[in-house]
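Student: Hey, got a few minutes to go through a structure with me? I'll paste it here.

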Amino acid sequence: MLELSHVHKVYRVGAFGGAKLRAVRDVNLTVKPGEVVSLIGESGSGKSTIGKMVLGLTRISSGSIRFEGADVSRIRGFSAKKEYYRRVQGVFQDPFSSFNPIFKADRVFSMIRSSYFPEMSDADWRDKVLAAIGTVRLDPENVLNKYPHQLSGGQLQRLLIARALLLDIKLLVADEIISMLDASTRIDVLNLLGDLKERGLGILFVTHDLSLGNYVSDRSVILRKGAIAEMGPTRRVFENPLHPYSRHLLSCVPQLHRTWAEVDAELAANPPEDVELPTVADGDDSAPLVEVEKGHFVGIDQN
Amino acid sequence: MTLRVNDLKVYYQTLRGDVHALDGVSFDLADGEIMGLAGESGCGKTTLGKSLIRLDGRMRHVDGTIELDGKDVPIADDRAMNPFRYHEISLVPQYAMSALNPTRKIGRMIDELLRARGVRPASVAEELRRRLELVGLDPDVLNRFPIELSGGMKQRVVMVMATLLNPSLLIADEATSALDVSTQRSVAESMVEFRDRGYVKSMIFVTHDISLVYQMADTVMVMYAGRIAEKAPASTIINAPRHPYTKMLIGALPEVGTTTEDARLEGIPGTPPGLLNPPTGCRFKDRCPIASEECSEVPPLVEIDPGHWAACWKTGR
């Protein structure tokens, strides 16, 4: 459904834009319907840039992004973009800044109606909104007709997902949507993503938190400095990380039942087998992947 | 006993009345203890951290006492607190980026800070360099501006700076929350190292990340709606929590290795109560699955096992 091939993003930086910063380097990945793909990386790994490029919020430098067969990275014009956003929507990190505090929170729904469904009758629209709110497991009594400050972060975040669902979307880009939520409400939003997946929605889940990426996703992509370090089925990536960088990352994640010392001791006792990583010549900015086992790829080592 | 907090009440003054952010908090912190302070946002954990060092304009000390190394800490008196600040009680804030003055080189900033607290910079210069090296920083950072350092480096500079005079108590408020996982680990490990070397006597580590607390803290205190829910050794809180809130909170945390296919975790239904007019009795009773009539009385914080305290009617027996 969504297909990124050889996507690069180069920012011009420095006083006169003379220097270049490669934020995304030769990324290839796909998202199928009914699949959650986690993009995991530390700050500066390019994970959010990929999300923004898919949403058309920033241009790609080279390569292509295809959605249902059509190249969407070079969509021009208001109506073409509007059609694209009917099928692809994003939800972002900070739910509090996504709402205008002066208006009631459900204004986001009426804005969708005025731009996408102007001809729908009031009763039909109301049913549609209630259905979307039910899907995100909110009680309409508690959330409609309220101002943003009267709702919790988890409720606001779920309202934004409900807003996206009004549009019959096929792909949701979820950029760090739970980083600002409390532990007790985080899991509700994650479970909601699981429900949406079962309804056939493709989700690109951008996160820096490895345990959250693991909980909900089918496939995981670990990014480092803009290039893919490792990509594969989530279970395999977490049980058998092949790239040295993924191993390092996993050993640093605070776990609930094992201390760092225990993880280190275990790693030292059973040192993982090294795999041969692909290499590129100096000056070559491609980032080839090698398939080590079925569907499980490792990428180049960058220092 | 390094720190003893007794029935501390701190309210925020607002136009609509007092917000009961801390409502009767009592606990002890032993020498050399790192205590993790966890809870949802708005439970009062940051307020507790701030109350121990400086009350801002909206905060009002209503009741309760704080004792540090046997001395009374006069938190309500801003001026009388000055001898304690930095010398005895120190703070590592969440965003080191905003804790450092962008217009000063780091060395000069530390000199100014020391002079403001009546310490000659030369007397600790040697120690400062040694500690920077200990946390893996080149002493050359003293000649740099904050903008030249990465987030993790800045966080370590702030940590060295905050503990330079060997305070009795260090309050770290979400000190590693803004960092990447690998940087987070090294900063957290340096904090434990500082405690082991006696640079700080004891530490309160405020965080929302319980799995991080388990890695470094000796004890964990869980707060809910301005009160203490449970305090116990870290492994007890994770493996055998007794308070229903703690149980549900631990149960809602996804781990590396759990997926939706194995088992679906459950969140805690409902939201924490507003503290402008806090409910009577146990504050968790509206979200608690085992609440009953006795919960309309405030449950006292009792020691159910040695070192294991919980405030719930159902755990006391």
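Student: Quick one to start: in β5(A), which residue is the bridge partner of A:Phe67?

Tutor: That's A:Ala70. Keep in mind that this is a predicted model. The pair belongs to β4(A) and β5 (residues 70-71) of chain A, which run antiparallel and share 2 bridges.

Student: And what does A:Glu68 do in the hairpin of β4(A) and β5(A)?

Tutor: A:Glu68 takes a positive phi near 50° there, and the hairpin has 2 residues between its strands.

Student: Which other strand does β4 of chain A pair with over 5 bridges?

Tutor: β1 (residues 2-13) of chain A, in the antiparallel sense, with β4 covering residues 62-67. For one register point, A:His8 has A:Ser62 in β4(A) as its bridge partner.

Student: OK, on to the open sheet. What's the strand order in chain A?

Tutor: β6-β7-β8-β3-β9-β10-β12-β11, so to speak from one edge to the other: 8 strands, with mixed pairing.

Student: Why do β6 and β11 of chain A each have one side without a neighbour in the sheet?

Tutor: Because β6 (88-91) and β11 (290-293) stand at the edges, and each has a single partner strand. As for twist, it averages 20° from one strand to the next.

Student: How do β3 and β8 of chain A run, parallel or antiparallel?

Tutor: Parallel, and 5 bridges join β3 (residues 36-40) to β8 (residues 202-207). If you want to check the register, A:Ile40 stands opposite A:Thr207 in β8(A).

Student: Which strands does helix α2 of chain A touch?

Tutor: Helix α2 (residues 78-87) packs on the sheet against β6 and β7 (171-175) of chain A, and its direction makes about 70° with that of β6(A). There's also helix α10 (residues 244-252) of chain A, which lies across β9 (219-224) and β10 (227-233) and runs at about 100° to β9(A).

Student: Back to α2 for a sec. Which residue forms a salt bridge with A:Arg86?

Tutor: A:Glu83, with the closest N and O atoms 3.5 Å apart. Both residues lie in helix α2 of chain A, 3 residues apart, which is about one turn of the helix. Over all chains, the structure holds 34 salt bridges.

Student: Changing topic: how many residues of chain A are in contact with chain B?

Tutor: 39 from chain A, in contact with 39 from chain B. The two chains bury about 3,500 Å² between them, and 54% of that is on carbon and sulfur atoms.

Student: Which three residues supply 24% of the area chain A buries against chain B?

Tutor: A:Tyr215, A:Leu256 and A:Trp260, and that's more than any other three residues supply.

Student: How many salt bridges cross the interface of chain A and chain B?

Tutor: The rule finds 1. A:Asp264 forms a salt bridge with B:Arg185, where the closest N and O atoms are 2.5 Å apart. Polar contacts across the interface come to 10 residue pairs, counting those with both residues at pLDDT 80 or more.

Student: Which elements give two or more residues to chain A's side?

Tutor: For the side of chain A that touches chain B, they are α7 (183-198), α8 (210-216), α9 (234-239), α10 and α11 (260-269) of chain A. The largest share, 11 residues, comes from α7(A).

Student: And what's the breakdown by class on that side?

Tutor: The side of chain A that touches chain B has 16 nonpolar, 11 polar and 12 charged residues.

Conventions. Residues numbered from 1 in each chain as written. Chains lettered and ligands numbered in written order. Predicted model: local features only at pLDDT ≥ 70, side-chain atom pairs only at ≥ 80, totals over all residues. Heavy atoms only, no water. Pairing = 2+ DSSP bridges. Helix = DSSP H or I, 4+ residues; strand = E, 2+ residues; numbered from the N terminus. Axes fitted to C-alpha atoms, helices over the stretch in contact; angles between N-to-C directions. Contact = heavy atoms within 4.5 Å. Buried area = accessible area lost by both parts, 1.4 Å probe. Salt bridge = Lys/Arg side-chain N within 4 Å of Asp/Glu carboxyl O. Polar contact = N/O pair within 3.5 Å; in protein donor to acceptor, adjacent residues only side chain to side chain. Nonpolar A, V, L, I, M, F, W, Y, C, P; charged D, E, K, R; others polar.
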